[in-house]
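Here is a short briefing to read alongside the model. Keep the viewer open and follow the residues as they come up.

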Amino acid sequence: QVQLVESGGGSVQAGDSLVLSCAASGGTFSSCVMGWFRQAPGKEREFVATISRSGGRTSYADSVKGRFTISRDNAKNTVYLQMNSLKPEDTAVYYCAAKWSTSTVDLATRVYEYRYWGQGTQVTVSS
């Protein structure tokens with residue numbers, strides 16, 4: 001079992017930056033592909049970013065590419081999402097997720113690929 005706890009959300013103005021953190025416990029963090037997803041009211045949960053076990057590979061949704069950066073610190077069992085140039089359309093509850101993987105190059109962009117999820121943290125961007 002892996003427990004995930006997100007933090008760092010809040011209310012900001014368009015153009016501001018935020019850093020989300022997701023602390024993992026209860027499992028071998030370095031064996032997990034990690035992902036960030038978000039869900040806006042009335043919409044489906046959507047992929048934001050993913051990072052491989054070692055951090056050597058990443059992938060982003062087109063809507064955040066160039067503005068968001070995912071990273072991880074396996075020594076601290078934590079994954080981060082640096083969000084710059086925030087837009088009102090980035091407003092959502094942000095979730096981190098973990099997927100066990102035996103591959104060091106594996107990434108995962110789909111909700112159904114992840115077994116473990118955090119409770120989410122709200123990000124609100126006003127214009």
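A residue counts as buried when its relative accessible area is under 20%. Gly 35 has a relative accessibility of 1%, so it falls in the buried class. Please keep in mind that this is a predicted model. Below, we start with the whole chain, then turn to two buried strand residues, the salt bridges and two loop residues with unusual backbone angles.

**The chain as a whole**

- The chain contains eleven strands and zero helices.
- Its radius of gyration is 13 Å, close to the 14 Å that the globule rule gives for 127 residues, so the chain is as compact as a globular protein of that length.
- The C-alpha trace spans about 45 × 25 × 25 Å along its principal axes.
- Buried residues make up 43% of the 127 in the chain.
- Of the contacts in the chain with a separation of 6 or more, 61% are between residues 24 or more positions apart.
- The exposed area of the chain is about 6100 Å², and carbon and sulfur atoms supply 46% of it.
- The chain carries 13 positive and 10 negative charges, and the mean positions of the two sets are 5 Å apart.

**Gly 35, a buried residue in strand β4**

- You will find Gly 35 in strand β4, which covers residues 32-39.
- Leaving aside neighbours within four places in sequence, Gly 35 is in contact with Ala 49, Thr 50, Tyr 95, Cys 96, Ala 97 and Tyr 114.
- Gly 35 and Lys 99 are 64 residues apart in sequence, while their C-alpha atoms are 8.3 Å apart in space.

**Met 83, a buried residue in strand β8**

- Met 83 belongs to strand β8, and with a relative accessible area of 0% it is buried.
- Not counting residues up to four places away in sequence, Met 83 touches Asp 16, Ser 17, Leu 18, Leu 20, Arg 67, Phe 68, Tyr 94 and Val 123.
- From Met 83 to Val 19 the C-alpha distance is 5.9 Å, although the two are 64 residues apart in sequence.

**Salt bridges**

- Side chains of opposite charge can pair when their charged atoms come close.
- How many salt bridges does a search of the whole structure find? The search finds six, and three of interest follow.
- Arg 67 forms a salt bridge with Asp 90, with the closest N and O atoms 2.7 Å apart. Arg 67 sits in the loop between β6 (58-60) and β7, and Asp 90 in the loop between β8 and β9, so the pair ties together parts that are 23 residues apart in sequence. Both Arg 67 and Asp 90 are buried.
- Glu 46 and Arg 38 also form a salt bridge, and their closest N and O atoms are 2.6 Å apart. Glu 46 is partly exposed at 36% relative accessibility, whereas Arg 38 is buried at 6%.
- Lys 99 and Glu 113 meet through their side chains in a salt bridge, at 3.9 Å from N to O. This pair links distant parts of the chain, 14 residues apart: Lys 99 is in strand β9, and Glu 113 is in the loop between β9 and β10 (116-117). Lys 99 is buried, with a relative accessible area of 16%, while Glu 113 is partly exposed, at 22%.
- Arg 38, Glu 46, Arg 67 and Asp 90 are joined into one network by salt bridges that share partners.

**Loop residues with positive phi**

- Most residues other than glycine have a negative phi.
- Asn 77 is not a glycine, yet it has a positive phi of about 55°. Asn 77 lies in the loop between β7 (68-73) and β8 (78-83), and it is partly exposed, with a relative accessible area of 27%.
- Ser 85 is not a glycine either, and its phi is positive at about 50°. Where is Ser 85 placed? Ser 85 is in the loop between β8 and β9 (92-100), and at 41% relative accessibility it counts as partly exposed.

Conventions. Residues numbered from 1 in each chain as written. Predicted model: local features only at pLDDT ≥ 70, side-chain atom pairs only at ≥ 80, totals over all residues. Heavy atoms only, no water. Helix = DSSP H or I, 4+ residues; strand = E, 2+ residues; numbered from the N terminus. Rg over C-alpha atoms; globule rule 2.2 N^0.38 Å. Buried < 20%, exposed > 50% of the residue type's maximum accessible area, 1.4 Å probe, protein only. Contact = heavy atoms within 4.5 Å. Areas by Shrake-Rupley, 256 points an atom, 1.4 Å probe, with all protein chains shown as cover. Lys, Arg positive; Asp, Glu negative; His and termini not counted. Charge placed at Lys NZ, Arg CZ, Asp CG, Glu CD. Salt bridge = Lys/Arg side-chain N within 4 Å of Asp/Glu carboxyl O.
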